[in-house]
Amino acid sequence: MTSASRHTDPSTARRALRREIPSSAAVLADERDFTAMRRYRTFPFDDHRSYLRQLETLLRRLAAQGVLTTVSLFDPAAYEKYCADLALDPDRPDSRSRYTAEAARTGATLTYQGEPLSQLLPLLVEEADRQATWDHASGVLARAGRCDACGDDLAHAAFARATQALQELLTALGDGTHHLVCSVAAAEPPLLAVLHATGDDGARPQLAESETLVFCTVLAAGFALRAPGGLVSRTTSPPAARTATSDGPRETVRGWALGDSWLRPLGAAEVFTAYCTDADTGEPIPPEHGVDYAPGLPLTTPPDPHHH
């Protein structure tokens, strides 16, 4: 190949290079955060809906050019602290750009793939909540320290125990779509994690890695600190398990309490009471149609070498 044949038009080369340099955007997802930024004179927007429309147009344009863009949340309070820590003027566009790059590096992000922001933002908020829960739970779990008797890392042991508990629980629940909620009163606010799992024909349940990590970390914090808490499963039976006379998919709710670094199954009456009582007023709530309230399934308790 001659040098002439390798020559590329400069504008073509710039466009090709632009496609290889990723971009990042931090979005003010709700009206309250948007209003907080309007106090800065250099912030160029005065209407949240218009701001979101213009941002979506920009993201679509970048996507059409083949540019990979990661989207994060712009947190005005975190931005103010970031500027204070680095002695930056928060009322400057370059300060907002620096914070956007930092948010993309350290915060929750999603890759923009051409979808409307109305679809992306709820997922981004969910991802940010999940990361915040993991950060909080990890800090709580770290307080467990080491075993006085053997020196083992109690956090590591509790996480292994939580992973085993989840595996046994999903095996016991069997086929179906499972919605699991784990709450642990080991911190303020209490830790809360949600996990979705789907298993059919006895196959290994499908789990999202990030959800599973957060769920096991929260459960491990409860185990390591022996904190009060509970776990609830809500299972929708697979189509093959439904009868011809069924008026639709039925759901089964089961529950467990945290105790002695394991999951103790609740009785059906305890599950019913927990689900059908208003947590704020203590008043009874009518049971849901198509929902069965069943006892928690027993799980084989492994030995706990750190329980003295």
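An open sheet in this predicted model holds 3 strands in the order S1-S2-S3, with mixed pairing (two strands pair if DSSP finds at least two bridges between them; strands are DSSP E runs of at least two residues and helices are H or I runs of at least four, numbered from the N terminus). Strand S1 (23-27) and strand S3 (109-111) are at the edges with a single partner strand each, so one side of each has no neighbour in the sheet. From one strand to the next, the twist averages 30°. Strand S2 (residues 69-73) pairs with S3 in the antiparallel sense over 3 bridges, and serine 72 stands opposite threonine 109 in S3. Helix H6 packs on this sheet and touches S1, S2 and S3, its direction making about 95° with that of S2 (contact means heavy atoms within 4.5 Å; angles run from 0 to 180 degrees between N-to-C directions, with axes fitted to C-alpha atoms, for helices over the stretch in contact).

Residues are numbered from 1 along each chain as its sequence is written. Local features need pLDDT of at least 70 and side-chain atom pairs pLDDT 80 or more, while totals for chains, interfaces and linings use all residues; side-chain values use heavy atoms, without hydrogens and water.

Helix H6 (residues 93-106) also meets helix H5 (residues 76-85): their axes come within 10 Å and cross at roughly 110°. The two helices are therefore roughly perpendicular, a term for angles of 65 to 115 degrees. Among the H5 residues in this contact are Tyr79 and Tyr82, while those of H6 include Arg98 and Tyr99.

Definitions and conventions. Parallel < 35°, antiparallel > 145°, perpendicular 65-115°, else oblique.
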